[in-house]
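Reader: Could you take one part of this model and walk me through it closely? I'd like to see how the surface side chains there are laid out, and then how that compares with what goes on elsewhere in the chain.

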Amino acid sequence: MDSVKTHSTAGHIMITTYHTKSGLIDVFAYASNLLRQAGMREGIERFTEFSNLLFLKLFDEIEEDREKRGEGRRFDKKYCWSGFYRKPANELLEYINRVVLPEFIKRYNIDGDVFDRELGIRNADILKDIVDRLSNLNLSEADSDVKGDAFEYFLKNSVTVGNDLGEYFTPRHIVKLVVDLVDPKLGETVYDPCCGTGGFLIQAFQHMKHGCRKTLAGKMILGEVSIYGRELTGTAKIAKMNMILSDDGYVNIRQMDSLSEPVNGQFDVVLTNYPFSQLTEYGPLYGLATKEGNPVFLKHIIDALKPGGRAGVVVPDGVVFDSGKEFIKVRKLLIETCNVIAVIQLDSAVFRPYTSQPTSILVFEKGIKTGRVWFFEVVEDGFKKTTSKKGRPPITHDDLPELRSLWGDRRETMKSFFVDAEIIRSSAYKLFMNYYKPHKKIKDLKKLGEICEAPIIGGTPPKKGREFYGGRHLWATIADMKDKYVNDTVTKMSDKGRHYLKNKLIKKGTLLMSFKLTLGKTAIAGKDLFTNEAICGLVPKDRDDESLSEYLYYILPLINFLPYAQRASKGYTLNKKLIPCIEIPFPSKKKRLEIIRHLKEKLDRLNAEKTRFRQEIDERERDIQDYFEKILF
């Protein structure tokens, strides 16, 4: 619930509302609608304009508080909110553009643009309406991070901007966790190469500020030589504004592409959540022959640290798992030149509603090679796993307090364990937690690539092209793998569809296995057919052993695929390059035939029981129907 207080100021009765987060969201929604009427596009454009006004309101509250504490104002009242918010609409717009903004520009636009010369709003009545709404709020005493909540709201409710905006907002509880674990101290330099609106930098600033004495020298160090950030987009201006509101530290934030300018041994601490899966032309600057941004960003971060420097980085799962040459190269550099202290695997719901991209936090120290790595799995982060644009409401289940309590000595628990660096080295330097989760040892193992030819991966012709479908060639999806043999499918390909899938025909008798989302589901091709890209065809190398396909049919659904799987937004998926690496029990032929017989007998009994239960259910439903008919008729 919002609370309301009434007080008088210079003869005026003023109502001040102390808002909860839900109350603030109502104000943001109201402002967003007005900005739409003013002709501004949703997302960044509206948020940037709203931020200008939000800044002026918050700045005024901070100045009032400084004056009460006897610290003195930085700006005269005539340049602050309390000096202009009562002006009529026709004067308000002119006053902000001609009096207020020039003063802020003169003070803060020394090292690049922070404030525009004029507001983007041209309609004076709309401006007045928003100013009146904000004037009734006490934002500095709200029960949440007002600036973060506003940014989150404008991005969540943007339809046209797409997923790119998900790069900019990192949940505040994750930001605070990373900063607390890395623990930057006064006198250290902190760098975020993708700072967005400044979440990590603000939290680091406050963290260092709380841990030091409030001296003039300490303030100078914090404000001028502690915080460094880069941001590709115009949100760099918002980061500067947010740092000013945090009591300075804005001077070293630059709008630029961080990868275009490598940094070598310059910073004590790097804290970041860089944009995932971006393309870059700057790989060669880092000795990497790739246009994929993920490994290049990690190399940029490693290079930026001083010897002994520390980093806390949110990375997509591909960085810790991908078998690409450049990914392995960067992970090797990380293990051999840095001490990887911890890999914290986050649940895929953490970044909703922007994305369900699975992520991990890497915490490492530069200068000494890794001895062993502590892995911790965050299953619950204290918020509901929902995709609603309204956000993730808090829940009681939360693994973060346990993580914090274990951080000092990093013990092994049900959620955590250590892995020696030698094991990581022998595993292509993977830092994917599921790959190392303890599991029972199985004897007589053999890799799938030793048993079968290279997997035949299917595909999907363009769905909008009707000419690809409706022909005579069978085309199977996972939904068609209901029975042991796939003899017919819902969809059929035309001759053009067959040509599109040309070298992907799967011959009758080939084993089919799903390797996306429903891992390990199997069937056998009852006829020649094609499949979509979630199914592979496995042809045994020993063509004379007709039992092999049947053995794989029964055994593959029982395999634990998680050590080989990558997390996806809706479950798990296998990289097609890793399918041949999957190890399965492969005893002698005699033993395999015995296993087939036993599994077949058990499955036959199970299916018979299923049939019997279904018949009993049908009988009970008929009994109930007969009973009602007797009563009612």
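Author: Let's start with Y627, which is exposed because its relative accessible area is 52%, over the 50% cut-off for that label. Bear in mind that this is a predicted model. Y627 is found in helix α19, a helix that covers residues 589–632.

Y627 also has company: together with I624, F628 and I631 it makes a nonpolar surface patch of about 430 Å². Why might residues spaced like that end up together? In general, an α-helix has 3.6 residues a turn, so residues three or four places apart point the same way.

There's a charged side to the story too. E616, D618, E619, E621, D623, D626 and E629 gather in a surface patch of negative charge. Take E619 as one of that group: it lies in helix α19 as well. E619 counts as partly exposed because its relative accessibility is 39%, and that label sits between the 20% and 50% cut-offs.

Now for some contrast, have a look at helix α18, residues 547–555. Eight of its nine residues are buried, so α18 is largely enclosed by the rest of the structure. The buried ones are S547, L548, S549, Y551, L552, Y553, Y554 and I555. For a tyrosine to set beside the exposed Y627, you could pick Y551, Y553 or Y554, which are among the buried residues of α18.

Strands get covered as well. Strand β10, residues 372–377, has five of its six residues buried, so to speak mostly covered. β10 pairs with strand β8 (residues 338–345) in the parallel sense, over four bridges, and there V343 stands opposite F375 of β10. β10 also joins strand β13 (residues 416–420), this time through five bridges and running antiparallel. In that pairing, V373 has V419 of β13 as its bridge partner.

One more sheet is handy for orientation. Three strands, in the order β18-β16-β21, form an open sheet with mixed pairing. Its edge strands are β18 (491–493) and β21 (530–531), each of which pairs on one side only. Strand β16 (residues 469–476) runs parallel to β21, with two bridges joining them, and A476 stands opposite T531 in β21.

So, back to where we began: α19 is home to Y627 and to E619, with Y627 in the nonpolar patch and E619 in the negative one.

Notes: Residues are numbered from 1 along each chain as its sequence is written. This is a predicted model: local features need pLDDT of at least 70, side-chain atom pairs count only at pLDDT 80 or more; totals for chains, interfaces and linings use all residues. Side-chain values use heavy atoms; hydrogens and water are left out. Patches are made of residues with over 30% relative accessible area and no salt bridge: like charges are joined within 9 Å, nonpolar side chains (Val, Leu, Ile, Met, Phe, Trp, Tyr) within 5 Å. Accessible areas come from the Shrake-Rupley method with a 1.4 Å probe; for residues, only the protein chains shown count as cover. A salt bridge is a side-chain nitrogen of Lys or Arg within 4 Å of a carboxyl oxygen of Asp or Glu. Lys and Arg count as positive and Asp and Glu as negative; His and the chain ends are not counted. The place of a charge is taken as NZ of Lys, CZ of Arg, CG of Asp or CD of Glu. Buried means under 20% relative accessible area, exposed over 50%, partly exposed in between (1.4 Å probe, protein chains only). Two strands pair if DSSP finds at least two bridges between them.
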